[in-house]
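Colleague: I am new to this structure and would like to go through it with you step by step. Could you show it to me before we begin?

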Amino acid sequence: PFVLRVALPANTVIAPHTHATPETLTILSGSIRHDMGETLDKSRGKEVKAGGFVYLPADMPHSLWTTDEP
């Protein structure tokens, strides 16, 4: 197991990708948009706010992005 703490600037896009092991995201502050799938589709993405949690099984394609909104 490992933990990464990442601060993402406004308007950051992390393209669709997978991980070989399960991944969990906990949003500590601000918000992020998240979508599962092999293509990035911002219209179906879900906002995850501070305190929110996302679980991704191994090999689940997903993407993340931020906006310029606080």
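Modeller: Before we start, a residue is called buried under 20% relative accessible area, exposed over 50%, and partly exposed in between. Please keep in mind that this is a predicted model.

Colleague: With those cut-offs, how does Glu-47 count, buried, partly exposed or exposed?

Modeller: The relative accessibility of Glu-47 is 40%, and the range between 20% and 50% is the one for partly exposed residues. Glu-47 therefore counts as partly exposed.

Colleague: Which side chain does Glu-47 meet in a salt bridge?

Modeller: Side chains of opposite charge can pair when their charged atoms come close. For Glu-47 the N to O distance in the salt bridge is 3.5 Å, and a salt bridge needs the two atoms to be within 4 Å. The partner, with a relative accessible area of 14%, is buried, and the side chain that Glu-47 meets is that of Arg-33.

Colleague: How many residues apart in sequence are the parts that this pair ties together?

Modeller: Glu-47 belongs to strand 4, residues 46-49, while Arg-33 belongs to strand 3, residues 31-36. Because the two partners sit in these two strands, the salt bridge ties together parts whose separation in sequence is 14 residues.

Colleague: The structure holds two salt bridges, so which residue forms one with Asp-35?

Modeller: Asp-35 counts as buried, since its relative accessibility is 4%. The partner is partly exposed, at 35% relative accessibility. The closest N and O atoms of this salt bridge are 2.7 Å apart, and the residue that pairs with Asp-35 is Arg-44.

Colleague: Turning to the whole chain, how many helices and strands are there?

Modeller: Read from the N terminus on, the elements run β-β-β-β-β-β. The protein accordingly has zero helices and six strands.

Colleague: What is the radius of gyration of the protein?

Modeller: For 70 residues the globule rule gives 11 Å, and the value for this protein is close to that, so the protein is as compact as a globular protein of that length. The C-alpha atoms fill a box of roughly 30 × 25 × 15 Å along the principal axes. The radius of gyration itself is 12 Å.

Colleague: Which residues make up the largest nonpolar core?

Modeller: Of the 70 residues of the protein, 29% count as buried, and a nonpolar core is built from buried residues joined through side-chain atoms within 4.5 Å. One member of the largest core, Val-48, touches several residues beyond four places away in sequence, including the core members Ile-27, Ile-32 and Val-54. The seven residues of that core are Leu-25, Ile-27, Ile-32, Val-48, Val-54, Leu-56 and Leu-64.

Colleague: And on the surface, what is the area of the nonpolar patch that includes Phe-2?

Modeller: Phe-2 is placed in the segment before strand 1, which spans residues 13-17, and it counts as exposed because its relative accessibility is 65%. Together with Leu-4, Val-6 and Leu-8, Phe-2 makes a nonpolar surface patch of about 460 Å².

Colleague: Which residues does Ala-15 touch, leaving aside those up to four places away in sequence?

Modeller: Ala-15 lies in strand 1 and, at 47% relative accessibility, counts as partly exposed. Its C-alpha atom is 19 Å from that of Arg-5, although the two residues are ten apart in sequence. Beyond those sequence neighbours, the residues that Ala-15 touches are His-62 and Ser-63.

Definitions and conventions
Residues numbered from 1 in each chain as written. Predicted model: local features only at pLDDT ≥ 70, side-chain atom pairs only at ≥ 80, totals over all residues. Heavy atoms only, no water. Buried < 20%, exposed > 50% of the residue type's maximum accessible area, 1.4 Å probe, protein only. Contact = heavy atoms within 4.5 Å. Patch = residues over 30% accessible without salt bridge, like charges linked within 9 Å, V, L, I, M, F, W, Y side chains within 5 Å. Areas by Shrake-Rupley, 256 points an atom, 1.4 Å probe, with all protein chains shown as cover. Helix = DSSP H or I, 4+ residues; strand = E, 2+ residues; numbered from the N terminus. Rg over C-alpha atoms; globule rule 2.2 N^0.38 Å.
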